[in-house]
Amino acid sequence: MSSTKMDMFSARELPLLIESFVSQLKRGQLVGSKTVAINTASLLREIVSRSPWEDIPTLTGLLKAVGKRLLRAQPRELLIFNVVCRVLHIVNEDYSSVEVVSEGGGNTSKKKGHAPGGTGGAKKGNETPAMGLGQPGTGQPRNLGEQVARSMGRVTLNAFHLKSLVIQEINDYIVELEKTEEEIADNAREHIHSNEIILTCGRSSTVEQFLKHAASKVKIHVIVAECAPTYDGHEQARALAGPNIDVVVVPDAAVFAIMSRVNKVILGAHAVLANGGLVAASGSHTIAAAARHHSTQVVVCAGLYKYSPMFPFDDDRFNTLVSPDAVLPYGNGDLVDAVDVCNPRYDYVPPELVDILVDHTGGHLPSYLYRLLQENYNYAKDLAWNIQDE
């Protein structure tokens, strides 16, 4: 069978792959932030590999269309938005790193100034700053449309070379996602010291590995808020119990009372927004506010894939309400009819309550987040905003 027929057969399978992934999102079968991110990146890799695209506008159009389809299936899942933004960024970074001689020099192509992972190590001084603020006078394209307009005559010559580059970069990105928790844990020794009392809440595998890595060298004491009504804190305490870790579970109402004895608060996050605020487990805002009152440091462990270019213009936009039965059982018929009960899955924690963000590259202040967004979403941002607007 010829390669062309094989490509057509592979392309016909793409709608089935997309619908299968959408179905998993709607049914909640993908559990965990890392699982959602890796599966989304893998799907986009298949689209880049199997789709019969020949130019950059076609590829970005395909990625945006799939991104909109996934976001309709799970509109409050920021991780999908983040991964789509990052892959669009990778496409533009790889495109800008390939120089094609199409007039008078044959069809020769070569790489220039390419940084692994699509972070664009070269030309940082000339890139557009984060959040779409332009730099007039630099002579650099500020968006994809301008890049395509300048290079319209050579895009087709670039397709084969670009496809292999993009697939390799997405593979590297998936490996980065898989190793994120281990690499974050490697920074634990810089933030946790011997015999410190640590407070955390909810269930987070990133925080679990972070604390266990610290406990491999020093003895620590961990207090876990039970995080009612899900009581994920009990599961976290069982996972942490082991050598060099003394674990105590406390009710959420006792957090303020014990905060004066806590040396450090370590939290996980479902997402980190563009202003440095967090979308974290329900109860995280109460703990962070108590820590600020007692001048206790709040450290947040989150991978780069959780950093989102979205701003929290509406706190409820990123939250999810789950069944209130765990708060007020439906068996209390008379009371249920008399009150309205909300059971949010997440809390929004404002950036002023966060001291340090720890990812696999190290610790950062929330005010430094703009730079990390610029390095990871710079070119794709203007396009990705349209995913939800259109």
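Okay, let's start at a small piece of sheet: two bridges join E7 to E8, and those strands run antiparallel. Before I go on, keep in mind that this is a predicted model. In the register between them, Ala271 has Val279 in E8 as its bridge partner. The connection is a hairpin, with five residues between E7 and E8. Look at Gly276 in that turn, where phi is positive, about 95 degrees.

Now step across to the other side of E8. E8 and E10 also pair in the antiparallel sense, this time over four bridges. Val279 turns up again here, with Tyr348 as its bridge partner in E10, and Ala280 stands opposite Asp347 in E10. Put together, that's an open sheet of three strands, ordered E7-E8-E10, with antiparallel pairing. What happens at the edges of the sheet, where E7 and E10 stand? Each of them, E7 at 271–272 and E10 at 346–349, has a single partner strand, so one side of each is left without a neighbour in the sheet.

Next, the pocket. The largest one holds about 1200 Å³ of space. It's lined by 41 residues, and the closest to its centre are Gly32, Ser33, His270, Arg345 and Tyr346. If you sort the lining by class, you get 16 nonpolar, 17 polar and eight charged residues. Which elements supply at least two residues each to that lining? On the helix side there's H1 (3–27), H2 (33–50) and H8 (205–215), and on the strand side E6 (264–268) and E8 (278–281). So E8, the strand from the sheet we just walked through, is on that list as well.

H2 deserves a moment, as it gives the most to the lining, with four residues. H2 has 18 residues and spans 26 Å from its first C-alpha to its last, close to the 26 Å expected at 1.5 Å a residue. Quite a few of its residues are buried, among them Ser33, Val36, Ala37, Ile38 and Thr40. Further along H2, the buried list includes Leu43, Leu44, Ile47 and Val48. Ser33 is also one of the residues closest to the centre of the largest pocket.

Some backbone details for anyone who likes checking torsions. Ala228 and Pro229 are joined by a cis peptide bond, with omega about 5 degrees. Pro229 is placed in the loop between strand E4 (220–225) and helix H9 (232–240).

There are also a couple of positive phi values at residues that aren't glycine. Asn244 has a phi of about 65 degrees, and it lies in the loop between H9 and strand E5 (245–250). Ser295 has a phi of about 55 degrees, in the loop between helix H11 (284–293) and strand E9 (297–301). Are these two buried or exposed? Asn244 is partly exposed, with a relative accessible area of 35%, while Ser295 is exposed, at 70%.

Last, zooming out to the whole chain. You're looking at 14 helices and twelve strands. Of the 390 residues, 48% are buried. And for contacts with a separation of 6 or more, 77% come from residues 24 or more positions apart.

That's my tour, so let's open it up for discussion.

How values were computed
Residues are numbered from 1 along each chain as its sequence is written. This is a predicted model: local features need pLDDT of at least 70, side-chain atom pairs count only at pLDDT 80 or more; totals for chains, interfaces and linings use all residues. Side-chain values use heavy atoms; hydrogens and water are left out. On a 1 Å grid over the protein atoms alone, a cavity is a set of points where a 1.4 Å probe fits but cannot get out, and a pocket is an open set with protein on both sides within 12 Å along at least five of seven lines; lining residues have an atom within 4 Å of a point. Grid points are joined across faces, edges and corners, and a volume is the space filled by probe spheres set on the points. Ala, Val, Leu, Ile, Met, Phe, Trp, Tyr, Cys and Pro count as nonpolar, Asp, Glu, Lys and Arg as charged, and the others, Gly among them, as polar. The expected span of a helix is 1.5 Å times one less than its number of residues. Buried means under 20% relative accessible area, exposed over 50%, partly exposed in between (1.4 Å probe, protein chains only). Two strands pair if DSSP finds at least two bridges between them. Contact means heavy atoms within 4.5 Å.
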